Amino acid sequence: MRNTNVETAPLIEFTHVDKAYQKQFAVHNLNLSIRAGEFFVLVGASGSGKTTTLKMINRLIEPTAGTITFAGRPLVDQSVNDLRHQIGYVLQDGALFPHLTVLENAAMTLNAIGVSTKDAKPQVASLLDEVGLDPARYLNRYPKELSGGEQQRVGIVRALVANPQVILMDEPFSALDPVSRKQLQDLVLNLHEKRQTTIVFVTHDMDETLRLGTRIGVMHQGHLEQVDAPSVLLQKPKNSAVSKLFLQQHGHTVSDVIAHGYYETGNGDEIPRVTVEQTLADLAQALLDAPNAAVLVNQNQVITQALYLEYMANQQE
Amino acid sequence: MTSFINFIQAQGDTLRNALFTHIGLSLVSVALAMLIAIPLAIALMNHPRLGEVMLQITGVIQTIPSLAILGLLIPIVGIGTVPAIIALVLYALMPIFQNTYAGLTQIDANLLEAADAFGLSWWYKLFKIRLPLALPLIFSGIRIALVLVIGTATLASLIGGGGLGTFIMQGIQNNNNTELLVGAVCSAALAIIFSIGLRLLSHLSLKKLALVIGLLIVGLGGAFGFQAYQQQQHQEVVIAGKLGGEPEILMNMYRELIQQENPKLKVTLKPNFGNTTFIFRALQNKQVDIYPEFTGTVLQNLYPEKLKSHNPAQVYQQAHQVIQEKSDLTYLKPMAYENRYALAVDQQTAKRYHLKTVSDLARVSPQLSAAFENDFYHQQDGYQGLKRKYQLHFKNVKSMEPSLRYEALKNHQVQVVDAYTTDPQIKVQKLVVLKDDLAFFPPYQGAPLVRNELIKRHPEIQKSLNRLHNRISESEMIEMNYKVTVKHEKAQRVAHEYLKSYRLIR
């Protein structure tokens with residue numbers, strides 16, 4: 001069971017944060033609390049500001065306005081390296097150093113806090129095991145000998161091995177094939193359940209978002225539109241920006257029914273209406289409630305129960 | 001091929017010394033350039049604008065001709081190894097800086113971002129991430145620099161720095177192709193060997209590499225330093241000479257005469273000075289003590305004055321006086337022969353136009369081409385004045401290296417050359433020396449220029465060198481030059497034989 005009970009004091013807090021480049025805002029008036037132990041997913045289209053937001057947490061990018069605190073302390077109050085030693089980081093391409101072995105790569109975050117590669121070996125080995133890579137076979141290999149999925153696993157080991165409080169993940173599985181992606185998502189869910197490390201995860205993939213996140217932040221053109229649990233987001237999207245995101249990714253709304261032609265023309269007075277953006281669940285409920293088992297969409301498009309059932313029967317899942 | 005091998009056997013010692021000097025110069029220069037360029041690139045890797053500026057500067061330095069740099073350095077740091085190394089270091093800077101800088105700045109941005117995100121110290125980021133990733137490019141930069149330097153180091157010989165260039169320069173001067181080839185082939189072989197060696201080194205890890213380089217630098221520096229120290233300690237008298245067989249013969253005569261009187265004195269020869277300016281500056285800067293100079297050159301080049309007459313004895317007096325008045329040097333007594341300038345033509349041309357004097361030549365000059373040696377071309381007592389006096393209007397005139405003009409004459413590319421009256425090529429190519437009927441050319445008698453301080457320390461040197469007063473006729477000099485330059489006999493032996501035959505030495 002995924003643990004959604006978390007401490008109330010936020011681990012990471014953004015207050016009125018802006019990131020402006022010249023006259024453009026990459027992020028505007030961002031207010032966000034991330035609680036310890038949760039799996040927080042930031043989702044949005046390209047250019048929505050989600051990666052910028054992520055990178056402001058470990059100060060790879062500095063805000064142009066507002067404050068960000070980590071464990072109660074403003075980021076600017078501590079040294080950058082001290083901060084980064086407490087925050088793990090996984091990038092999209094794995095970013096393993098080609099001239100170093102798997103062991104040397106993975107041990108790097110421990111090197112950063114003064115642990116020698118030799119001393120780090122046992123921890124690295126056990127973590128490699130946890131992510132499904134046999135240490136005996138992988139410790140002394142070089143990144144170019146590994147597949148994309150294997151490289152990313154090493155990247156995760158590298159992020160975890162120093163036991164940070166938070167791990168930031170920037171679209172880590174986007175470059176992988178669907179099978180590897182699913183495997184790695186399982187892995188990350190597993191690790192989260194075992195360790196309860198706070199994870200801040202950035203992606204543009206809706207399915208991934210709904211699968212992984214305990215809480216989801218939807219970003220659109222630099223603004224944080226809505227932050228809620230997955231089910232709430234699905235049922236109660238705050239505005240069209242949010243629902244459009246789901247719409248674009250899922251396609252299972254009333255508009256799809258209309259698009260496939262399951263309607264007839266009629267006059268619009270006495271029957272209840274639904275909008276094209278509403279989900280099929282909404283549609284079904286409305287049809288159940290309607291006196292004539294028919295609903296009106298737009299000016300003169302009518303969907304009857306029978307048509308709806310036909311649509312469903314012909315759906316290819 | 002056999003003459004190649006014979007030469008190497010005969011000159012084995014000299015070749016070995018030259019090789020070591022050459023290797024030493026090259027390695028030390030590249031090592032120093034690395035010490036400057038690599039930290040500089042590291043310092044500028046995060047400052048792209050400054051980095052660009054630096055790239056431009058090192059690029060410009062590369063385009064300055066090496067001889068110019070050498071000439072500029074001599075009054076400041078003297079002759080020999082130091083200016084050679086400075087010039088070579090300047091040359092090696094660009095390839096090393098450029099490649100190191102490119103290697104450090106062209107690393108995948110994601111990797112650099114990851115390194116930042118892990119909170120790694122700047123030391124770690126530089127030595128464990130950036131430098132190792134940049135290493136292949138840095139290495140290729142060093143290889144390029146090394147090959148470049150080995151080639152350029154041949155110039156060191158012109159300013160008394162030694163090295164394989166000695167063979168090349170002397171080979172050109174004495175028309176000895178074997179000598180030239182030995183110098184050139186060895187130099188090329190060195191470049192190849194080092195290039196391969198570096199490639200093998202590049203497979204080592206960074207730590208082992210640093211060790212090897214460290215050892216090399218210490219070893220070389222030590223050897224060099226020791227050699228320089230030894231030279232300093234034991235050096236008592238340094239005799240220098242310009243490029244050519246005749247100065248070499250004279251230098252050897254001076255040495256034997258001095259050591260005969262004073263056997264305990266250590267006398268070193270520094271031959272092959274590329275031009276008058278270099279050698280005179282070296283004398284003034286106390287890097288050398290003695291060298292043979294011509295009366296004409298004293299009054300035209302060193303302390304230019306209008307000649308009071310064209311009588312050789314009076315010209316000598318004038319030169320002697322100006323040296324005494326204007327410098328810390330003494331001009332000792334002159335030898336008998338004169339090595340004047342003259343114009344010479346090949347037999348064919350002489351017959352064709354019935355040429356006996358320079359005036360004869362002037363009449364047909366628009367139909368002829370000429371090649372003159374550099375000093376002659378530019379001097380007032382050379383072509384510049386001669387042109388006006390005789391109204392010469394050659395079809396075209398070039399200036400070139402002394403021995404190359406004889407080649408041009410042989411190939412009928414030119415018909416007229418300047419020549420020295422003791423030039424053995426006159427004998428070899430059976431040239432016709434034209435009479436200077438308007439008495440334009442000034443006298444050129446040879447005598448030793450010596451530092452006063454040396455005479456004070458060892459007054460007997462004056463007596464030793466003055467034994468050559470009024471000795472050596474023009475034909476005797478031509479014969480000796482012929483033996484050394486054409487028949488490739490050793491200058492030391494020819495000098496010795498002469499001195500012995502006249503009982504100037506026991």
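This talk goes through the contact between chain A and chain B of a predicted model, and then through a few places inside each chain.

Let me begin with conventions: residues are numbered from 1 along each chain as its sequence is written, and chains are lettered from A in the order in which they are written. Since we are looking at a predicted model, local features need pLDDT of at least 70, side-chain atom pairs count only at pLDDT 80 or more, and totals for chains, interfaces and linings use all residues, while side-chain values use heavy atoms, with hydrogens and water left out.

I start with the interface. Taking contact to mean heavy atoms within 4.5 Å, we find 20 residues of chain A in contact with 16 residues of chain B. The area buried between the two chains is about 1,600 Å², with carbon and sulfur atoms giving 66%; buried area here is the accessible area, computed with a 1.4 Å probe, that two parts lose on being put together, summed over both. On the chain A side, A:Phe97, A:His99 and A:Met108 lose the most area to chain B, and together they account for 30% of what that side buries.

Turning to polar interactions, there is 1 salt bridge between chain A and chain B, where a salt bridge is a side-chain nitrogen of Lys or Arg within 4 Å of a carboxyl oxygen of Asp or Glu. The partners are A:Lys55 and B:Glu113, whose closest N and O atoms are 2.7 Å apart. There are also 7 residue pairs in polar contact between the chains, both residues at pLDDT 80 or more; a polar contact is a pair of N or O atoms within 3.5 Å, where, within protein, one must be able to donate a hydrogen and the other to accept it, and residues adjacent in sequence count only if both atoms are side-chain atoms.

Which elements of chain A give two or more residues to the side that touches chain B? They are helix H2 (80-85), strand S6 (87-90) and helix H4 (108-112), with helices (H or I, at least four residues) and strands (E, at least two) taken as DSSP runs numbered from the N terminus. The largest share, 4 residues, comes from H4(A).

A:Lys55 brings us to helix H1 (residues 50-57) of chain A, in which 7 of the 8 residues are buried, where buried means under 20% relative accessible area, exposed over 50%, and partly exposed in between, with a 1.4 Å probe and protein chains only. A:Lys55 is itself among those buried residues, as are A:Leu54 and A:Met56. The helix is followed by A:Arg59, whose phi is positive, near 65 degrees.

In chain B, strand S10 (residues 446-451) has 6 of its 6 residues buried. Counting two strands as paired if DSSP finds at least two bridges between them, strand S3 (residues 290-294) pairs with S10(B) in the antiparallel sense over 5 bridges, and B:Pro292 stands opposite B:Pro448. Strand S4 (residues 329-331) of chain B also runs antiparallel to S10(B), joined to it by 3 bridges, with B:Tyr331 opposite B:Leu449.

I close with two helix residues of chain B. B:Leu67, in helix H4 (residues 66-77), counts as partly exposed because its relative accessibility is 41%, and, leaving out residues up to four places away in sequence, B:Leu67 touches B:Leu155, B:Leu158 and B:Phe278. B:Ser187, in helix H9 (residues 177-201), counts as buried because its relative accessibility is 8%.
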